[in-house]
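User: I should like to go through the reasoning behind several labels attached to a model. Please set each value against its cut-off.

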Amino acid sequence: VALRRWRPGDAAALAAAWADPEIGRHASVPAGPPAEAAARWIGGAGLRAATGVSVDLVVGPPDGDEVWGEVGVARLRLRVPTGGAGPPERVVWDTGWWAAAAHRRRGVATAAVRLLVGWAAGEAGLVPLVARIPPGHRASEAVAARAGFARRGRWDATHDLWLRPDPTPGPGRGAV
Ligand SMILES: CC(C)(COP(=O)(O)OP(=O)(O)OC[C@H]1O[C@@H](n2cnc3c(N)ncnc32)[C@H](O)[C@@H]1OP(=O)(O)O)[C@@H](O)C(=O)NCCC(=O)NCCS
């Protein structure tokens with residue numbers, strides 16, 4: 001698989017994916033007519049990346065325009081109890097993914113998430129990486145584990161928090 005930026009011509013594929021209840025249950029699908037919402041979301045991807053909000057990428061074949069899935073990392077600011085020592089907030093990078101129904105169980109998500117985290121935790125320095133996964137979501141748990149995430153505990157009523165430990169601590173880096 002390959003990762004690439006979203007293009008205007010991907011709007012129909014994105015709208016179709018958002019209409020899949022399996023994907024809609026986990027993704028934040030914008031309101032409005034699906035094709036227009038997808039086009040607007042794609043149109044905003046460049047600014048979201050440039051301003052450090054999120055990096056959202058298409059998963060597809062190395063050549064061609066097909067959309068097999070999506071991976072992304074989004075900035076998440078956590079308030080952490082420090083007892084007065086250290087900064088009270090910590091930025092983590094929330095990793096998300098989906099594969100279009102026709103492309104599931106072929107290793108697409110596993111390969112794509114591995115590619116994403118290799119880039120994010122490597123040259124991009126987007127660490128630490130976390131993922132929020134509903135407990136018992138076996139497919140997503142398998143994808144996360146294969147990309148180096150480990151379950152750290154409950155995040156909220158419906159999600160576990162998974163963390164990918166950063167092996168290269170340094171300024172701005174480190175574990176949660
Ligand atoms: C979760 C999801 C991304 C997995 O994508 P995928 O490309 O099918 O995943 P992979 O092919 O890399 O599968 C990884 C492993 O997950 C497990 N798996 C995949 N689908 C499964 C299923 N339906 N039931 C149980 N295990 C499953 C398998 O162990 C699989 O490996 P194997 O079949 O080779 O043994 C995909 O099912 C999806 O997009 N679901 C809807 C959206 C979603 O749930 N996103 C994640 C939110 S946390």
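User: In which loop does R105 lie?

Analyst: The model is a predicted one. R105 lies in the loop between β4 and α4.

User: Why is R105 called exposed?

Analyst: The term exposed requires over 50% relative accessible area. R105 has a relative accessible area of 87%, and therefore it is exposed. Its phi is positive, about 60°, although R105 is not a glycine.

User: Is I23 buried or exposed, and what makes it so?

Analyst: Buried means under 20% relative accessible area. The relative accessibility of I23 is 4%, so I23 counts as buried. I23 lies in helix α2 (residues 21–24). Not counting residues up to four places away in sequence, I23 touches A17, W18, W98, A99, A100 and R104.

User: What makes a set of residues a nonpolar core, and which residues have the most contacts inside the largest one?

Analyst: The residues must be buried, belong to the nonpolar types listed for a core, and be joined through side-chain atoms within 4.5 Å. The largest nonpolar core has 26 residues, and V71, V73, W97, V113, L129 and F149 have the most contacts inside it. At least two residues of this core come from each of β2 (54–60), β3 (69–79), β4 (89–99), α4 (108–121), β5 (129–133) and α5 (138–146). Helix α4 gives the most, with eight residues. A second, separate core of 15 residues includes A11, A17, V67 and W98. In soluble globular proteins, nonpolar side chains tend to be buried together.

User: Which residues is L129 in contact with, leaving aside its neighbours within four places in sequence?

Analyst: Among them are V73, W93, V117, F149 and W162.

User: How do you know that the ligand has polar contacts with W97, A99 and H137?

Analyst: A polar contact needs a pair of N or O atoms within 3.5 Å. A nitrogen atom of the ligand is 3.0 Å from a polar backbone atom of W97. An oxygen atom of the ligand lies 2.7 Å from a backbone N or O atom of A99. For H137, an N or O atom in the side chain is 2.6 Å from an oxygen atom of the ligand. Each of these distances is within 3.5 Å, so each pair qualifies as a polar contact. The protein covers 75% of the 920 Å² of accessible area that the ligand has on its own.

User: Which residues come nearest to the ligand?

Analyst: Of the 19 residues around the ligand, A99, R105, G107, T110 and H137 come nearest.

Note on methods
Residues numbered from 1 in each chain as written. Predicted model: local features only at pLDDT ≥ 70, side-chain atom pairs only at ≥ 80, totals over all residues. Heavy atoms only, no water. Buried < 20%, exposed > 50% of the residue type's maximum accessible area, 1.4 Å probe, protein only. Helix = DSSP H or I, 4+ residues; strand = E, 2+ residues; numbered from the N terminus. Contact = heavy atoms within 4.5 Å. Near = heavy atom within 4 Å. Polar contact = N/O pair within 3.5 Å; in protein donor to acceptor, adjacent residues only side chain to side chain. Areas by Shrake-Rupley, 256 points an atom, 1.4 Å probe, with all protein chains shown as cover.
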